[in-house]
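Open your viewer and get the selection panel ready. We will go from stop to stop, with something to select at each one.

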Amino acid sequence: MRLSRYFMPILKENPKEAEIVSHRLMLRAGMIRQQSQGIYSWLPLGKRVLDKVNAIIREEQNRAGAIELSMPTLQSAELWQESGRYDAYGKEMLRIKDRQDRPMLYGPTNEEMVTDIFRSAVKSYKDLPLNLYHIQLKFRDEIRPRFGTMRSREFMMKDAYSFDLTREGAEHSYNKMFAAYLRTFDRLGLRAIPMRADTGPIGGNLSHEFIILADTGESEVFCHKDFVGFDIPGENTDFDSVEGLKAIFDKWTSLYAATSEMHDEAAFNAVPEGDRLSARGIEVGHIFYFGTKYSEPMGAKVQGPDGKEHFVHMGSYGIGPTRLVPAIIEASHDDNGIIWPASVAPFDVVVINMKVGDEACDDTCELIYAALKKAGKDVLYDDTDDRAGTKFATADLIGVPVQIIAGPRAVANGEVEVKDRKTGARETMTIEAAINRFVA
Ligand code: 5CA
């Protein structure tokens, strides 16, 4: 991508409305724009990061055996009347009437709709277990939308829904998502700690929130500090192994960890004082087991091996991609801007032409740009006529992991400078060596 032809509206000044660093940096880097309170456009740079986050979420959901579909944002009120949640959900639900005066709503979550899909097609235990997910916009008319896309009214959610014949089966489905979440957040460069949590309007009594520790987090959390060093389940995790996944779940729930709603002071005080971690955190995921709460009122049942009909046991599993992007920034930035983990960086590398119009600089940059693109890298080429200082500041602000800097003096020697955004380390090397770092 040539920056001169891209759309990346950088702000020079710090936006006054932004209270936390991620919101400030997302606005300054031209990643998002507020359209009305708590409703955002994702501008091209932001969209790239969001897509990469979603790609990782999707890979790990698929690895754990979940199957992707797509459900609409608008839902009919009837479904919610069946489950009894239409009235119970309250003011957070945006209610709409269509031209025939039929009550509709902008979905805050999809338990009812997915249960309806399930009951229309699945009749036998032989088709279980089943886990269906989508990555879709949601709307919750939050009283206090704030911190940009961290807590917005329209936001994206990966929501998965599992169906099993028995409680034991449902627990295995829960453990699959539990392990998938540990892997997902790790691949996003985050350390998320599962904590016992309140279930709120979703319901049930088994639930974990996945929390990232951050000073700007909205939740107050308490946990054993050893969680910070626990091993993440590997790529070869066997998601069909009931014992294997149970062992992962048991290990990750063996020490104290709770959000303030579930906090038990006495249990926390039993943790040796030096091991106690009391901090603020950001909830990036939340998983629930709620048994037959929706399947019973909505009549979602299957025939079991005993020939009888059984209401299915369900769970739901959410991750907030549009919250994850600012959460990653909260965890990874410095005074100059964002520092993206390579896995979600909007570009792998930025090529900075320090003297556009200088033949040697132009040729060198074009050569590097073409070679890296050919190697399948996402490359941003700063070919604008901005001052070098402005280009450096922009490259640091948008947080691309590697900068290749081509200035007249180095280029005259057949060299460029390669800067690591995270460490700030600069290395002068031949043009060929710079390319080979990515191609090899
Ligand atoms: N149906 C269940 C799970 S699929 C559910 O709705 N769970 S939830 O309410 O906990 O939301 C799941 C995730 O969505 C949260 O962990 C959070 O990451 C994200 N999320 C929830 N509300 C917001 C919001 N207002 N802004 C941004 N992300 C949000």
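**Stop one: two loops**

Select Pro129, which sits in the loop between α5 (111–121) and β7 (130–139); helices (H or I, at least four residues) and strands (E, at least two) are DSSP runs, numbered from the N terminus. The peptide bond from Leu128 to Pro129 is cis, with omega near 0 degrees. Before moving on, note that this is a predicted model, where local features need pLDDT of at least 70 and side-chain atom pairs count only at pLDDT 80 or more, while totals for chains, interfaces and linings use all residues. Residues are numbered from 1 along each chain as its sequence is written, and side-chain values use heavy atoms, with hydrogens and water left out.

Next, pick Asp101 in the loop between β5 (94–97) and β6 (103–106). Asp101 is not a glycine, yet has a positive phi of about 70 degrees.

**Stop two: the ligand**

Now select the ligand and everything around it (a heavy atom within 4 Å). You should get 22 residues, with Thr109, Glu111, Arg140, Ser152 and Glu283 the closest. The shell holds seven nonpolar, eight polar and seven charged residues; here Ala, Val, Leu, Ile, Met, Phe, Trp, Tyr, Cys and Pro count as nonpolar, Asp, Glu, Lys and Arg as charged, and the others, Gly among them, as polar.

Which side chains should you look at for polar contacts (pairs of N or O atoms within 3.5 Å)? Start with Arg140, where a polar side-chain atom lies 2.7 Å from a ligand oxygen. On Glu142, a side-chain N or O atom is 2.8 Å from a nitrogen atom of the ligand. Then show His286, with a side-chain N or O atom 3.2 Å from an oxygen atom of the ligand.

Finally, colour the elements that give two or more residues to this shell: β8 (154–164), β13 (276–291) and β16 (313–319). The largest share, five residues, comes from β13.

**Stop three: the annotated range**

Select residues 37–341, listed by UniProt in an unreviewed entry as "domain: Aminoacyl-transfer RNA synthetases class-II family profile"; such annotations may be inferred rather than shown by experiment. Over this range the chain is 31% helix and 30% strand, and the end C-alpha atoms are 29 Å apart.

Notes:
A polar contact is a pair of N or O atoms within 3.5 Å; within protein, one must be able to donate a hydrogen and the other to accept it, and residues adjacent in sequence count only if both atoms are side-chain atoms.
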